[in-house]
Amino acid sequence: MAITIEVANKTIGDDWGISNEAYETLINLCTDICKRNRIEKLIYTGNEIGNLTTHNMFKKDTECPGPYLKAHMGEIAKKVNENLKGDRNKY
């Protein structure tokens, strides 16, 4: 069971960067997915154990999602968790 997300890159090659707008939209989408599925905390461990994973963890012959997003996965989890924590008082 998984929810997969494809993020459009702003560059081809190099670090496969994404725009600031795509990054913020990804944070908001992940926050919404967690709320809808009653996921209280997003956990990125860098391997298949966490509930936030990347394609290359399961398909070893791909670099997807690319260096930029791989380097930001911990930060993404942190920001989503901050959003989730801030929303607890709303429900």
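This report describes the overall build of one protein chain and then turns to some of its residues.

## The chain as a whole

The structure is a predicted model, and its protein chain contains two helices and zero strands. The radius of gyration of the protein chain is 13 Å, close to the 12 Å that the globule rule gives for 91 residues, so the chain is as compact as a globular protein of that length. Measured out along its principal axes in the model, the C-alpha trace spans about 40 × 30 × 20 Å.

How much of the chain counts as buried? Of the 91 residues, 32% fall into that class. The accessible surface of the protein chain comes to about 6,600 Å², and carbon and sulfur atoms account for 51% of that surface. Among the contacts in the protein chain with a separation of 6 or more, 57% are between residues that lie 24 or more positions apart. The chain carries 13 positive and 13 negative charges, and the mean positions of these two groups are 8 Å apart.

## The cysteines

How many disulfides does the model have? The count comes to zero disulfides, and the distances for two of the cysteines help to explain this result. A disulfide requires a pair of cysteine sulfur atoms within 2.5 Å. For Cys 34, the closest cysteine sulfur is that of Cys 30, and because the two sulfur atoms are 6.7 Å apart, they are too far from each other for a bond. For Cys 64, the closest cysteine sulfur is again in Cys 30, but the distance is 14 Å, which is too far for a bond.

The table gives the sulfur distances for these two residues.

| Cysteine | Closest cysteine sulfur | Sulfur distance |
|---|---|---|
| Cys 34 | Cys 30 | 6.7 Å |
| Cys 64 | Cys 30 | 14 Å |

Is each of these residues buried or partly exposed? Cys 34 has a relative accessibility of 2%, so this residue counts as buried, whereas Cys 64, at 27% relative accessibility, counts as partly exposed.

## Ile 27 and its surroundings

Ile 27 is found in helix α1, which covers residues 20-36. With a relative accessible area of 3%, Ile 27 is buried. Which residues does Ile 27 touch, if those up to four places away in sequence are not counted? Ile 27 touches Ile 76, Lys 79, Val 80 and Asn 83. A further pair relates sequence to space: Ile 27 and Asn 51 are 24 residues apart in sequence, and their C-alpha atoms are 15 Å apart.

Note on methods. Residues numbered from 1 in each chain as written. Predicted model: local features only at pLDDT ≥ 70, side-chain atom pairs only at ≥ 80, totals over all residues. Heavy atoms only, no water. Helix = DSSP H or I, 4+ residues; strand = E, 2+ residues; numbered from the N terminus. Rg over C-alpha atoms; globule rule 2.2 N^0.38 Å. Buried < 20%, exposed > 50% of the residue type's maximum accessible area, 1.4 Å probe, protein only. Contact = heavy atoms within 4.5 Å. Areas by Shrake-Rupley, 256 points an atom, 1.4 Å probe, with all protein chains shown as cover. Lys, Arg positive; Asp, Glu negative; His and termini not counted. Charge placed at Lys NZ, Arg CZ, Asp CG, Glu CD.
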